[in-house]
Amino acid sequence: MQPISSHNPAALQGVDREQLLAVIEPVARAHGAEVVDVELKNENGWVLRVFVERLGASAEKLSTKDAAVDLELCAGIARDLSPALDVDDPIPGRYNLEVSSPGIERPLKKEADYVRFAGEKAKLKLREAVGGQKVLVGRLGPVSAGKVAVDDGRKTYDVPLDDIVTARLVFEFGPAPKPGTSKGGSSKSAKKKRKP
């Protein structure tokens, strides 16, 4: 089953996304967090995943590092959210609840996410091919008239936001060390001789 997401509202299959968020969002806010995404997947049993980051992260356009939440906060949200979901019961049947950070390869769900992470590298899966590609990996550029600019290093594409099936940030490792050097500098070591 496809996850519940803003890019795939048909995946709800009997679950009212607005009703679900009406239960989840106040609990997350009470713990100093905001909801990034919600997934409901069948993985040998249903799993409801709630992804959160620090409250105000979107408005302040924080990096994924600065928006990160810790395990204690996620556990607190899960502890308070579980009985709230039981009372409101927006999801029929049994499921397991998981609350976590979206991580450094954070999904991009709404236009504000593309604006917030302009200049970052992302991977986009598209409904319709752009430049002969249904998957683009490149730097996000400005958003204008419902399109985001994506520079793959050779060309810049204007991708309609409505055509994006899924998108997420791509983690980039730092630059590789120069040959013959280690993180600490030169790979050669010199020993000083003591005079007798």
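**Exercises on a three-strand sheet**

**Exercise 1.** Determine the sense in which β1 and β2 (residues 46-54) pair, and the number of bridges.

*Solution.* β1 and β2 are antiparallel partners, joined over nine bridges; pairing requires that DSSP finds at least two bridges between two strands. Within this pair, L40 faces L48 of β2. The model is predicted: local features need pLDDT of at least 70, side-chain atom pairs count only at pLDDT 80 or more, and totals for chains, interfaces and linings use all residues. Residues are numbered from 1 along each chain as its sequence is written, and side-chain values use heavy atoms, with hydrogens and water left out.

**Exercise 2.** Establish the strand order and identify which strands stand at the edges.

*Solution.* The order is β1-β2-β3, in an open sheet of three strands with mixed pairing. Strands (E, at least two residues) and helices (H or I, at least four) are DSSP runs numbered from the N terminus. β1 (33-42) and β3 (96-100) each have a single partner strand, so one side of each lacks a neighbour in the sheet. On average, neighbouring strands are turned by 20° against each other, direction ignored.

**Exercise 3.** Describe how α1 (residues 17-30) and α3 (residues 71-88) are placed on the sheet and against each other.

*Solution.* α1 packs on the sheet and touches β1 and β2 (contact: heavy atoms within 4.5 Å). Its direction makes about 135° with that of β1, where angles run from 0 to 180 degrees between N-to-C directions and axes are lines fitted to C-alpha atoms, for helices over the stretch in contact. α3 lies across β1, β2 and β3, at about 145° to β3. The axes of α1 and α3 come within 9 Å, crossing at roughly 150°. Residues making this contact include L20, V23 and V27 of α1, and I77, L81 and L85 of α3.
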